[in-house]
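Open the model in your viewer and set it to a cartoon with side chains available on demand. The stops below are meant to be selected in order.

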Amino acid sequence: MRKRRIAVIGLGRLGSRCAAALRGDEHLALAGVVRRTPAPLDWLGDVPVVGHIGELDDIEAALLCLPVEQVVGVARDLLQRRIPLVECARLHGEAFAAHKAEMQRMAALYRCAAVLGAGADPGVLSLWRSQLALLLPHGHTSVARHTGSSLHHSLAAEGIAGVRQALASELRSPAGALQRYVYVELEPGADGAAVERAIRSDPLYLDAPTLVFAVDSVADLEAARGVLLERHAGTRDASHAALLVEARFDEYELACRAMLAGARALPGLRHGAYSLLDLPLRELWGELGEQAEREWL
């Protein structure tokens, strides 16, 4: 069976995970990588690394592993070229609704498909939250997050010139104040002080004190995090039911798997913009849908 050819745009921590996962996938193939500094990489073998999607041939879909502020511009270019896409922009509520409306307008205009918010959160955690609420419609949900990495802030730091990879962690002081610690792996010759100033002045980081540390290898740092979701029935519900999901995961790996699921769903979608809540689970399994139905139902 011929594998569908997928490009990865952005080769930070998430993009690297997606590229590695595509290389080992049975149904999807890594057709090329688009990054700020195009140059061959040993671990990618003969996979082309270019500066623009137009330099790659026969691309059937693209995964956007980019900071949120870059997503719409790159998505517009892809949709104009009739290249379906999957992105994981970290937006919630009204911000996500406005983003989806703009992506829907572009997808309809260029008659192409896009899967939005296919990451860890929004994405996988969105599905879990909505499923708990579906089963207990009259109640409340509490979310407790364990200390770990912030994918959104990490991607923003990786968008700074001179940064090869970044890992942003969010911690709270004993008094409850939020603090951010950003670990950066610098490009050769990069000015560490300039990188620190750029990160700390980024609007995304202005809401909390931020410390920036240069490290030899971001990959060696712990990136696991966890979440506890609890859904309790309302006080008038005689069942007094409660549902609980506890998960510990590598956020980048979870986002990577959600993006690949979005890529599997693309061939079955009409032109338009879709969140994961718009898609049946069988679509997300793609070619493995029949096998998943037999195994999990």
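**Stop 1: the main core**

In this predicted model, begin with the largest nonpolar core, which has 41 residues; V8, L14 and L63 touch the most other members. To see where the core comes from, colour the elements that give two or more residues to it: β1 (4–9), α1 (13–23), β2 (28–34), β4 (61–64), β6 (113–116), α5 (151–158) and α7 (251–265). The largest share comes from α7, with eight residues.

Now select L63 and show its surroundings. Leaving out residues up to four places away in sequence, L63 touches I6, A7, V8, I9, C18, L22, V86, M259, L260 and A263. A second core, separate from this one, has 27 residues and includes L64, V71, I83 and A273.

**Stop 2: strand β4 and the sheet**

Stay on β4 and look at its two sides. A61 and L63 lie on one side, A62 and L64 on the other, and all four are buried, so both faces of the strand are covered.

Zoom out to the sheet. It is open, with seven strands in the order β3-β2-β1-β4-β5-β6-β14, and the pairing is parallel. The edges are β3 (49–50) and β14; each has a single partner strand, so one side of each lacks a neighbour in the sheet.

Select the pairs in turn:

- β1 and β4 are parallel and share four bridges; I6 has A61 as its bridge partner in β4.
- β4 and β5 are parallel and share three bridges; L63 has V86 as its bridge partner in β5.
- β6 and β14 are parallel and share four bridges; A113 has G272 as its bridge partner in β14.

**Stop 3: helix α3**

Select residues 93–110. This is α3, with 18 residues; from its first C-alpha to its last it reaches 26 Å, close to the 26 Å expected at 1.5 Å a residue. Its buried residues are F96, H99, M103, M106, A107 and Y110. Turn the view to look down the axis of α3: the buried residues fall within an arc of 100°, so they line one face of the helix. What do they pack against? The buried residues of α3 pack against α2 (68–80), β5 (85–87), β6 and β14 (272–275).

Rotate to the face of α3 turned away from the buried side, where the exposed residues E94 and L109 are found. Then step just past the end of α3 to R111, which takes a positive phi of about 55°.

**Stop 4: the cysteines**

Show C18, C65 and C256 as sticks. How many disulfides are there? The count comes to zero. The closest cysteine sulfur to that of C18 is in C65, at 3.9 Å, which is too far for a bond. For C256 the closest cysteine sulfur is in C18, at 4.1 Å, again too far for a bond. The cut-off for a disulfide is 2.5 Å between the sulfur atoms. C18 is buried, with a relative accessible area of 0%, and C256 also counts as buried, at 0% relative accessibility.

**Stop 5: R264**

Finish in helix α7, where R264 lies. Is R264 buried or exposed? R264 is buried, with a relative accessible area of 15%. Display what surrounds R264: apart from neighbours within four places in sequence, it is in contact with R4, D25, L28, E283, L284, W285, G286 and E287.

Technical notes:
Residues numbered from 1 in each chain as written. Predicted model: local features only at pLDDT ≥ 70, side-chain atom pairs only at ≥ 80, totals over all residues. Heavy atoms only, no water. Core = buried A, V, L, I, M, F, W, Y, C linked by side-chain atoms within 4.5 Å. Buried < 20%, exposed > 50% of the residue type's maximum accessible area, 1.4 Å probe, protein only. Contact = heavy atoms within 4.5 Å. Expected span 1.5 Å × (residues − 1). Arc of directions from axis to C-beta. Pairing = 2+ DSSP bridges.
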